[in-house]
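Biologist: Could you walk me through how the helices and the core fit together in this one?

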Amino acid sequence: MPSTVILEKKKQQVADLAQRIKGSCAGVVVDYKGINVEDDTKLRKELREAGVVYTVVKNSILKRAAEEVGLNIDSSVVEGTTAIATSVDDYIAAARILNKYAENSKNFNIKTGYLDGEVIADTEVVALAKLPSREALLAQIASVVVEPIACIARAVSALEEKGGASAVETQEAPAEEAQAEAPAEESAE
């Protein structure tokens, strides 16, 4: 039977991991077997630079911490070698980095993940990893917003080059005259 010191230490580990999971927006659980020290060091550095916390955990600790925060993880997740990567504010960083590594490794596998307190399957983690980064999405949105304005500017510029400012005024004048004539015609009838 474990001593009370060991039990207290494990309870603290469960509480710390549960708090970390609660405070994160996304996380990925992986089976890290087959990773050598050099690759592990590179992987950890890349995760750390992206603001992702990555730790190897005991399966029993992960299972209890997940239960404490209300995540219903499958029993197959808490078998074998297990590590968890959590991110406080980036939904995709951990998934992208770990998926990239898993694609190049035979034994390193994604087990599961979670988003905003909901468990997602390994296939969903892979799909999440393939989404563009936040910066790329913002750039795409900005281009969609700016494009219509740029089209109008190019059209006005082309009209001015074609006939000067008088061409723009000439095109506006017939439209105004047509609106003014329409009510006069109706009153004559």
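Modeller: Let me fix one term before we start: contact means heavy atoms within 4.5 Å. This is a predicted model, in which local features need pLDDT of at least 70 and side-chain atom pairs count only at pLDDT 80 or more, while totals for chains, interfaces and linings use all residues. Residues are numbered from 1 along each chain as its sequence is written, and side-chain values use heavy atoms, with hydrogens and water left out.

Biologist: Which residues of α1 meet α3?

Modeller: From α1, Lys10, Gln13, Val14, Ala15, Leu17, Ala18, Ile21 and Lys22 meet Ile61, Leu62, Arg64, Ala65, Glu68 and Val69 of α3. By class, that contact has 9 nonpolar, 1 polar and 4 charged residues, where Ala, Val, Leu, Ile, Met, Phe, Trp, Tyr, Cys and Pro count as nonpolar, Asp, Glu, Lys and Arg as charged, and the others, Gly among them, as polar.

Biologist: And at what angle do α1 and α3 pack?

Modeller: Helix α1 (residues 4-22) and helix α3 (residues 59-69) pack at about 50°, with their axes 8 Å apart.

Biologist: Changing topic, how many residues has the largest nonpolar core?

Modeller: The largest nonpolar core has 23 residues, a core being a set of buried Ala, Val, Leu, Ile, Met, Phe, Trp, Tyr and Cys residues joined through side-chain atoms within 4.5 Å, and buried meaning under 20% relative accessible area with a 1.4 Å probe, protein chains only.

Biologist: Which element gives the largest share of this core?

Modeller: The largest share, 7 residues, comes from α4.

Biologist: What does phenylalanine 108 touch?

Modeller: Leaving aside neighbours within four places in sequence, phenylalanine 108 is in contact with residues including Val30, Leu43, Tyr54 and Leu98.

Definitions and conventions. Axes are lines fitted to C-alpha atoms, for helices over the stretch in contact, and angles run from 0 to 180 degrees between N-to-C directions. Helices (H or I, at least four residues) and strands (E, at least two) are DSSP runs, numbered from the N terminus. Buried means under 20% relative accessible area, exposed over 50%, partly exposed in between (1.4 Å probe, protein chains only).
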